[in-house]
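Got the viewer open? Let's take a short walk through this model, one selection at a time.

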Amino acid sequence: MIKAIIFDWGGVISIHGKFTQYYQEYKDQLNVTEEKYVKVATKYWNQVKIDEISCNSFWNNLGNDLNIDPKKLQKEIFEYYGFNEEVWNLIKDLKPNYHLALLSNNMKEWFDKLDSQHNFTQIFDTLILSHDVKLAKPDEEIFLKAQNKLPFSPEECLFIDDQPRNITPAKKIGFNTILFTNANQLKEELKKFNINV
């Protein structure tokens, strides 16, 4: 029986899930090649998500390397990620009956903004955030951290993520998993675990 449901943020609760996808929407404004954008975005994201650099350094470094105003870039990326209200409503419906957790590669500033807008710390019972634990998915260690923080066996936990590479280590430690594509698909998959939605 499932007792805990663990959600990813990017691409599940947010509409979009990858920094690199942002390029496709804004490439006409960026004036850099996709190769350069992906290279610098990946470099700084890999540092900030495990708190090796500050949020300010992330935006300033990224903006400077791409020759864009950092504040403008930050605003556009926040807006690009968006918020999936349908998934969020589903999460709130699940809260009375399940222990809810968030397992996310994120930066502190971004999480704080989400929390202030949507009360993440009131909705989720357990938080496993890459910037806190200094580890990031798909590293198996972050899933072990999650397992240790949850008061349930892995078999009682269900992990939901939109990236196949994150599903693999979750399965390896014994979590049940759902590879997310959209809200309707998620509802159907949850029913297979006898979760009423």
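Before you click on anything, here's a cut-off to keep in mind: a residue counts as buried when its relative accessible area is under 20%. Also remember that you're looking at a predicted model.

Start by selecting Cys55. Is Cys55 buried or exposed? Its relative accessibility is 14%, so Cys55 counts as buried. Now jump to Cys157, which has 1% relative accessibility and therefore counts as buried too. If you're wondering about disulfides, a search of the whole structure finds 0 of them.

Go back to Cys55 and widen the selection to two helices: α2, residues 34–48, and α3, residues 55–66. Their axes come within 10 Å and cross at roughly 170°. That is why α2 and α3 are described as roughly antiparallel to each other.

Next, show the side chains where these helices meet. On the α2 side, pick Lys36, Tyr37, Val40, Ala41, Tyr44, Trp45 and Val48. They meet Cys55, Phe58, Asn61, Leu62, Asp65 and Leu66 of α3. Colour that contact by residue type and you'll get 10 nonpolar residues, 1 polar and 2 charged.

For the last stop, select helix α10, residues 164–172. Which residues of α10 are buried? They're Asn166, Ile167, Pro169 and Ala170. Turn on the surroundings to see what covers those buried residues: the cover includes α9 (140–149), β4 (157–161) and β5 (176–179). Finally, step just past the end of α10 to Gly174, where the backbone takes a positive phi of about 110°.

Key: Residues are numbered from 1 along each chain as its sequence is written. This is a predicted model: local features need pLDDT of at least 70, side-chain atom pairs count only at pLDDT 80 or more; totals for chains, interfaces and linings use all residues. Side-chain values use heavy atoms; hydrogens and water are left out. Axes are lines fitted to C-alpha atoms, for helices over the stretch in contact, and angles run from 0 to 180 degrees between N-to-C directions. Helices (H or I, at least four residues) and strands (E, at least two) are DSSP runs, numbered from the N terminus. Angles under 35 degrees count as roughly parallel, over 145 as roughly antiparallel, 65 to 115 as roughly perpendicular and the rest as oblique. Contact means heavy atoms within 4.5 Å. Ala, Val, Leu, Ile, Met, Phe, Trp, Tyr, Cys and Pro count as nonpolar, Asp, Glu, Lys and Arg as charged, and the others, Gly among them, as polar. A disulfide is a pair of cysteine sulfur atoms within 2.5 Å. Buried means under 20% relative accessible area, exposed over 50%, partly exposed in between (1.4 Å probe, protein chains only).
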